[in-house]
Amino acid sequence: MVGPYSGRITQLFYKVKSLMNRSIMSPESILLEDCLILTTLLKEKADEVIKCLSESHWNSHCVVTRNKFESMCGGQKEGYAVLSYLSGCRKGQYLSTNKKELIEGIKVSLSSAVVSGVSSLDFDTLHLIWTQEKLQQQLDVIDRRWEMSRQSALASLKSGNKKLALRHAKEMKLGTENREKCNSLLNRVEEVLSVIANVESTKQVTGAIQIGARVIKENKISIEEVQLCLEELDESIDSQKQVEKALEPAPSLDMEDEDIEEEFRKLELEIGSGNLKDLNPEAGVSDSEGTDQSLADALLNLKLADDAPGSGSAIQNSGLPAKNKESNSPMLEAA
């Protein structure tokens, strides 16, 4: 397979050198030194990667980082093989840029056409996507540290070390502030990527309109037919907007930042509620048993009152209000 991370001329020289070496080497040495790949399985894997990229990109091509591409392929060796196959088919191309550090990416054609040449916009898009992935990784690290600080604060409160718990609460507060800043930067990067995607889609729509106008002139299509197509297009756009509106998440309420003391009090309440549950595990059972005993005593009083003369004393012994005397007497007699 041709090295996909080199230029076209280098790939050509590599092919010639590989063919010359293979003509001299024996089949046994080739099996020992080379990694054999089945072309059919490689093509299926490449089609699977393109299909996965098409689900998240609706343009004719997309740019992804090398790490993401290799993770989608299943590893570094698998990514090397898939990219080599796509490069041979002219449907994938490797690109890299230096922005304080090396940033590597892959441009993949998601249609049947060959991949277009790499432009300056592709390099800028690669840099933005790389920044987006780095910010997301930083958010994950902040979340893990915040959870560790929370667990440490709870453990310190259980052990009675409030000073150490307060220090962990400060770390939680600092982590929350850092997460908000990082999340703000991530949102800005995603907005820029969205604008780029919209510009590309607008360019495609403009090209399609120009092609449509040329076809109308060549085929002499009537205005009524064009109007009917536009009405159908408007209906499709309206239905698409309704679907997007239904899929939008519910608006979240803005919450004010809590002080460290508030975080500390929440941790104390959480520890306190946990201790109460540990001390009274059968509180609900005892309450239900007390209620059942009260009902049994009331029924016993009713039974004794039914044997005694006079309905007034029955009402007095049962503890019922005097105003319900007449309404409850049939029930007492039935009892």
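These legends go with an overall look and four close-ups of a predicted model.

**Overall view. The protein chain in outline, with 12 helices and 3 strands.**
The protein chain has 335 residues, and buried ones make up 23% of them. About 24,300 Å² of the protein chain is exposed, with 56% of that coming from carbon and sulfur atoms. Now take the contacts between residues at least 6 apart in sequence: 64% of these join residues at least 24 apart.

**Close-up 1. Helices H6 and H7 side by side.**
Here you're looking at H6, which covers residues 120-159, and H7, which covers residues 162-219. Their axes come within 8 Å and cross at roughly 160 degrees. Angles over 145 degrees count as roughly antiparallel, so that is the label H6 and H7 get. As for handedness, the crossing of H6 and H7 is left-handed. Sort the residues of this H6 and H7 contact by type and you get 19 nonpolar, 13 polar and 7 charged.

**Close-up 2. Helix H3 packed against helix H5.**
Two packed helices are described by the angle between their axes and by the distance between those axes. For H3 (residues 39-56) and H5 (residues 76-88), that works out to about 90 degrees and 10 Å. An angle from 65 to 115 degrees counts as roughly perpendicular, and H3 and H5 are therefore described that way. On the H3 side, look for Leu-42, Lys-43, Lys-45, Ala-46 and Ile-50. H5 brings Ala-81, Val-82, Tyr-85 and Leu-86 to the contact. By type, the residues where H3 meets H5 come to 7 nonpolar, 2 charged and no polar.

**Close-up 3. Thr-65 and its neighbours in strand E1 and beyond.**
Thr-65 sits in strand E1, which spans residues 61-65. Is this residue buried or exposed? Thr-65 has a relative accessibility of 2%, so it counts as buried, the cut-off being under 20%. Leaving aside residues up to four places away in sequence, what does Thr-65 touch? The list runs Glu-104, Gly-105, Leu-126, Ile-129, Trp-130 and Glu-133.

**Close-up 4. Arg-90 and its positive phi.**
Find Arg-90 in the loop between H5 and strand E2, the strand made of residues 92-98. Most residues other than glycine have a negative phi. Arg-90 is not a glycine, yet its phi is positive, at about 60 degrees. Relative accessibility for Arg-90 is 43%, so this residue counts as partly exposed.

Note on methods:
Residues are numbered from 1 along each chain as its sequence is written. This is a predicted model: local features need pLDDT of at least 70, side-chain atom pairs count only at pLDDT 80 or more; totals for chains, interfaces and linings use all residues. Side-chain values use heavy atoms; hydrogens and water are left out. Axes are lines fitted to C-alpha atoms, for helices over the stretch in contact, and angles run from 0 to 180 degrees between N-to-C directions. Helices (H or I, at least four residues) and strands (E, at least two) are DSSP runs, numbered from the N terminus. Angles under 35 degrees count as roughly parallel, over 145 as roughly antiparallel, 65 to 115 as roughly perpendicular and the rest as oblique. A crossing is left-handed if the near helix is turned anticlockwise from the far one by less than a right angle, and right-handed if clockwise. Ala, Val, Leu, Ile, Met, Phe, Trp, Tyr, Cys and Pro count as nonpolar, Asp, Glu, Lys and Arg as charged, and the others, Gly among them, as polar. Buried means under 20% relative accessible area, exposed over 50%, partly exposed in between (1.4 Å probe, protein chains only). Contact means heavy atoms within 4.5 Å. Accessible areas come from the Shrake-Rupley method with a 1.4 Å probe; for residues, only the protein chains shown count as cover.
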